[in-house]
Amino acid sequence: MTTEHPSHLAEALRRRRWLISAWPWRALAYLATTVPIAGVLGVGLLVIGAPLLAAANGLRLHSRPPSIALMLFLATGSLTLLALAPLVSYPVAVVERWRVRLVDGRPLPTSPWPGLVARYRSAATWREVAYLFWLGGFAPVAYWVFLVLVLLDLGMISSPWLAGDANQPVVIWQPIDTTGEAIPYAIVGVLLIPVLWYAVGLLAAVQAAVARWLLAHPVDAAALREVTRSRTRLVGAYEAERRRIERDLHDGAQPRLTSLTLQLGLARLDVSEDSPASRPLAVAHDQARGLMVMLRQLVHGIRPQSLTDLGLAGAVRELADTATIPVTVHADLHDELPEIVETTAYFVVSEALGNVVRHSGATRADVRLTRAGGDLVVEVSDDGRGGADPVRGTGLTGLADRVAAVDGRLLLSSPPGGPTLVRVELPCRR
C-alpha cells in the first residue's frame with residue numbers, strides 16, 4: 001500500500017480527484033456485477049419467503065387459530081429456508097470475497113469448506129447467511145431506488161429534445177411545453193451527474209463495508225489483546241536486555257580494551273624496531289585498535305550514544321550530517337517519546353538514508369519527524385530513480401519487521417522514476 005494511492009473505495013471517496021480517477025468506474029463495475037447475484041438471491045428469497053409472509057399476514061388479519069396444514073406449511077418453509085441458507089451462502093461468500101477486490105485492495109481471508117456438520121455449527125457460517133439475506137433483500141431495493149434517480153436525471157437532461165412533442169414530457173412533476181422551459185431542468189440534470197457519481201461510490205462503499213464486516217473471520221478480541229500484551233512484554237524485555245548489554249560493553253569491556261590498546265602502544269615505544277618482539281607487538285596493537293572500532297560499532301548498534309545525549313531530533317540531524325548527499329531534517333517533536341520508539345525511529349532513518357545513498361541515485365533527501373495523534377510519524381523521501389521493492393532485498397523487509405515489533409506500520413511509495421517515500425507510523429503508548 002502506498003501513501004499516494006488509496007487502497008479502498010471509502011478512502012478514495014475522500015480524495016479531491018475522485019471524479020477523474022478510475023475509482024468511480026471500479027465502483028460501477030462492482031455494482032454491475034452485483035446485479036445478477038443480488039437478482040437471483042432476491043428472486044429465491046421471494047419464492048420461498050413470499051408464501052410465508054402471506055400466510056403469516058393472513059393469520060394476523062383473521063385473528064383465528066391456524067389450521068394444522070398452515071402450521072405445517074409455515075414450519076416446513078422456515079426449516080427449508082434455514083437448511084438451504086448455510087449451503088447457498090458458502091459459494092456466494094467465496095465469490096463475494098473475490099469480487100470485493102474491485103473496490104478494496106485489502107483481501108478478505110478465504111474460508112475453506114469445514115464439512116457439512118461444522119458448516120451449520122460455525123459462527124462464521126451464520127455471518128455469511130446474514131450477508132446472503134442482506135444481499136438478496138436490501139441490495140435490490142437500494143439498486144431500484146438508484147436506478148429511478150438515474151432515470152429521472154436522464155429525463156431532465158433529455159427534456160429539451162423531448163419538448164414540443166405531441167405527448168408532453170413530464171419532468172419530475174412538471175409538464176414541459178417548450179424547449180425554454182426544459183433548459184433549466186437540463187442544466188440541473190447535468191449538474192447532478194457528479195452527485196450521481198458520488199452516489200455510485202457511496203453505494204458501493206457501503207456494500208463493500210458490509211461485506212468486509214460480515215465475511216471477515218470474527219476476531220477473538222480477548223485473545224488478540226493478550227497477544228498484544230505478550231508482544232509488548234517481549235519487546236520491552238528484549239529492549240531492557242539490549243540496554244544491559246550496552247552498559248556492560250560500554251562500562252566494562254570497552255575501558256579495559258582501551259587500556260590494553262594504550263599499554264600495547266606504550267610497549268611499542270619501548271621496543272626497538274630491530275627487536276624480534278617488535279613485529280608481533282605491532283600486530284597485537286593493530287588488532288586491539290581494530291577491536292576498539294568493532295566494539296564501538298557494536299555499542300552504537302545497540303543504542304547510539306547520540307540518541308541518549310541529543311534526543312531523536314538531534315541524533316537524526318547528526319545522521320544527516322554524515323550522509324554523502326544533502327539531507328534536510330524537519331522535526332516537530334515537543335513531547336517526550338518512549339525509549340523503544342526513539343530507538344526504532346532512529347534505526348528507521350538510518351536504514352532508509354543508507355538505502356537512499358546505496359540504491360536510489362538521489363541528489364537530495366528529506367526527513368520529517370512529526371506527531372499525529374498518538375503516533376510518531378517518520379517520513380524519508382528522496383528524488384531518486386524509485387522502483388524500491390522489498391523483494392529485492394534492499395533492507396525494507398528487515399525495516400518492516402523492526403517496525404512491526406513495536407506495533408507500527410511501514411508504508412512505501414516508490415514508482416519507477418521516483419520519487420520514493422518511506423512513511424513509518426509508530427504508536428507512542430507508555
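Leucine 87 is only partly exposed in this predicted model, with a relative accessible area of 34%. That figure falls between the 20% that bounds buried residues and the 50% that bounds exposed ones, so leucine 87 gets the in-between label. It also clears the 30% needed to count towards a surface patch. The residue lies in helix 3, a helix that runs from 68 to 99.

Leu87 has company at the surface. Together with Leu84, Val88, Trp113, Leu116 and Val117, Leu87 makes up a nonpolar patch, and the accessible area of the whole group comes to about 530 Å². Two helices put in at least two residues each: helix 3 and helix 4, the latter spanning 116-121. Helix 3 is the top contributor, with 3 residues.

Turning to the rings, the model contains 5 aromatic pairs. One of them joins tyrosine 346 to phenylalanine 347. A pair like this is described by how far apart the ring centres are and by the angle of the planes. Here the centres are 5.6 Å apart and the planes meet at 85 degrees, making the arrangement edge-to-face. Both partners are tucked away from the surface: tyrosine 346 is buried at 2% relative accessible area, and phenylalanine 347, at 13%, counts as buried too, because the cut-off is under 20%.

Elsewhere, Tyr131, Trp134 and Phe138 come together as one aromatic cluster. Tryptophan 23 has a charged partner instead: the charged end of arginine 26 sits over the tryptophan 23 ring, 4.1 Å from the ring centre.

Methods
Residues are numbered from 1 along each chain as its sequence is written. This is a predicted model: local features need pLDDT of at least 70, side-chain atom pairs count only at pLDDT 80 or more; totals for chains, interfaces and linings use all residues. Side-chain values use heavy atoms; hydrogens and water are left out. Patches are made of residues with over 30% relative accessible area and no salt bridge: like charges are joined within 9 Å, nonpolar side chains (Val, Leu, Ile, Met, Phe, Trp, Tyr) within 5 Å. Accessible areas come from the Shrake-Rupley method with a 1.4 Å probe; for residues, only the protein chains shown count as cover. A salt bridge is a side-chain nitrogen of Lys or Arg within 4 Å of a carboxyl oxygen of Asp or Glu. Helices (H or I, at least four residues) and strands (E, at least two) are DSSP runs, numbered from the N terminus. Buried means under 20% relative accessible area, exposed over 50%, partly exposed in between (1.4 Å probe, protein chains only). Rings of Phe, Tyr and Trp (its six-membered ring) pair if their centres lie within 6.5 Å; planes under 30 degrees apart count as stacked, over 60 as edge-to-face and the rest as tilted. A charge sits over a ring if NZ of Lys or CZ of Arg is within 6 Å of the ring centre and within 35 degrees of the ring normal.
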